Each structure stands twice: as C-alpha cells, then as structure tokens.
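Here is a short briefing to read alongside the structure. Keep the viewer open and follow the strands as they come up.

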Amino acid sequence: MGNVVEAKCTCGYTPGKLFLGGGKSNFKTDCSFPNLCLECKNLFIGNMKVPFVVCSQCDSSSVLPYDDPSLIHNTGLSEDSWVFSQELYSLVPVARFLFFKRKPKWEVTRKLMLTNEKYLCPKCDNFELTFKFFGLWD
Ligand SMILES: [Zn+2]
Ligand SMILES: [Zn+2]
C-alpha cells in the first residue's frame, strides 16, 4: 500500500498530490519518492528501485531524493513526525551467500522517509515546502 502525500510551499507552489511508495500490483519493482532535479529545478516522482533516477522533465541525473539532508531544514527527525516511511529492499550480494551456502535474499537496504520538517522549495529556493499525509492508495 502506498501513501498519498500533499506538498505545499508558502510561496504558493504545489506539485499537487504525490502517490508515493508502491501499490498492490507494482510494489516489487516500484517505490515512488519525490526527487529534486538540480538542473531544471523540478520536483518529480522517481522510482527508487531503479539504479539511476533521472529527471522526468530534462533527463538529468543530477537529482537528489527528498530525504537528502541538504534538502531538509531541520534534521532533528523524530519518529512521530513521519509523514511517509517505507523500507527499500534489495537483493544482497550473492558472493556472501555462496560462502555461507545460502540463497540470496531480499534485505532492507534503505529507509525512505518524509517528516514534518521543512524542505527546500524548487520554485522559491526557501525551506518552506512541507509534506502532509493525505491518504492511502493501492
Ligand atoms: Zn530536470
Ligand atoms: Zn516556495
């Protein structure tokens, strides 16, 4: 189940409702998460399960996911202020498992999250962009 999150800035900028995470049909291959393109200053939804996320508008690979510390004003993260959180699974390297004679398996390699903190707005360049939980999608 994915989360619907609304993003808004005090300058009036809003990318609308963002469908994050993955749904019933695509959660194994897709994990949607907001990213900022440093090239064209575009907030877009990238699939964090592909090795290289590129901007949906200009194809640039100079992008930062919105959990990057440089995009967050206050990094005093607290668990009860989570707006969105999802674990990313990846297949852990096979070599380790050849040695231990175990099958490769999926492990949590990264945790994606958005909190109540203020984030960098792509339009006005101020840390005034906020994310709000809106609902669930499947
Ligand atoms: Zn771009
Ligand atoms: Zn703004």
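One open sheet in this predicted model has three strands in the order β2-β1-β8, paired in the antiparallel sense. β2 and β8 are the edge strands, each with a single partner, so one side of each has no neighbour in the sheet. On average, neighbouring strands here are turned by 30° against each other, with direction ignored. A second open sheet, also of three strands, runs in the order β4-β3-β5, and a nonpolar core of 23 residues draws on several of these strands.

**The sheet β2-β1-β8**

- Strand β1 covers residues 2-9 and strand β2 covers residues 16-20; five bridges join them in the antiparallel sense.
- One position to look up in this pair is Glu6, which stands opposite Lys17 in β2.
- β1 and β2 make a hairpin, with six residues between the two strands.
- Gly12 sits in the turn of that hairpin and has a positive phi of about 105°.

**The sheet β4-β3-β5**

- Pairing in this open sheet is antiparallel, and β3 stands between β4 and β5 in the strand order.
- The edges are β4 (42-47) and β5 (63-65), each of which pairs on one side only.
- From one strand to the next, the twist averages 40°.
- β3, made of residues 32-37, is joined to β4 by six bridges in the antiparallel sense.
- Ser32 has Asn47 in β4 as its bridge partner.
- As a reminder for tracing these pairs, strands of a sheet pair through backbone hydrogen bonds, either parallel or antiparallel.

**The nonpolar core**

- Which residues have the most contacts inside the largest nonpolar core? They are Val5, Leu36, Tyr66, Leu120 and Leu129.
- At least two residues of this core come from each of β1, β2, β3, β4 and β8, the last of which spans 129-137.
- Leu36 is a good residue to centre the view on: leaving aside neighbours within four places in sequence, its contacts are Leu43, Val63, Leu64, Tyr66, Leu71, Leu120 and Pro122.
- Two of these contacts of Leu36, Tyr66 and Leu120, are themselves listed among the residues with the most contacts inside the core.

Notes. Residues are numbered from 1 along each chain as its sequence is written. Chains are lettered from A and ligands numbered from 1 in the order in which they are written. This is a predicted model: local features need pLDDT of at least 70, side-chain atom pairs count only at pLDDT 80 or more; totals for chains, interfaces and linings use all residues. Two strands pair if DSSP finds at least two bridges between them. Helices (H or I, at least four residues) and strands (E, at least two) are DSSP runs, numbered from the N terminus. Axes are lines fitted to C-alpha atoms, for helices over the stretch in contact, and angles run from 0 to 180 degrees between N-to-C directions. A nonpolar core is a set of buried Ala, Val, Leu, Ile, Met, Phe, Trp, Tyr and Cys residues joined through C-beta atoms within 7 Å. A residue is buried if 20 or more other C-beta atoms lie within 10 Å of its own, exposed if 12 or fewer, and partly exposed in between; C-beta atoms are placed from the backbone. Two residues are in contact if their C-beta atoms, placed from the backbone, lie within 7 Å.
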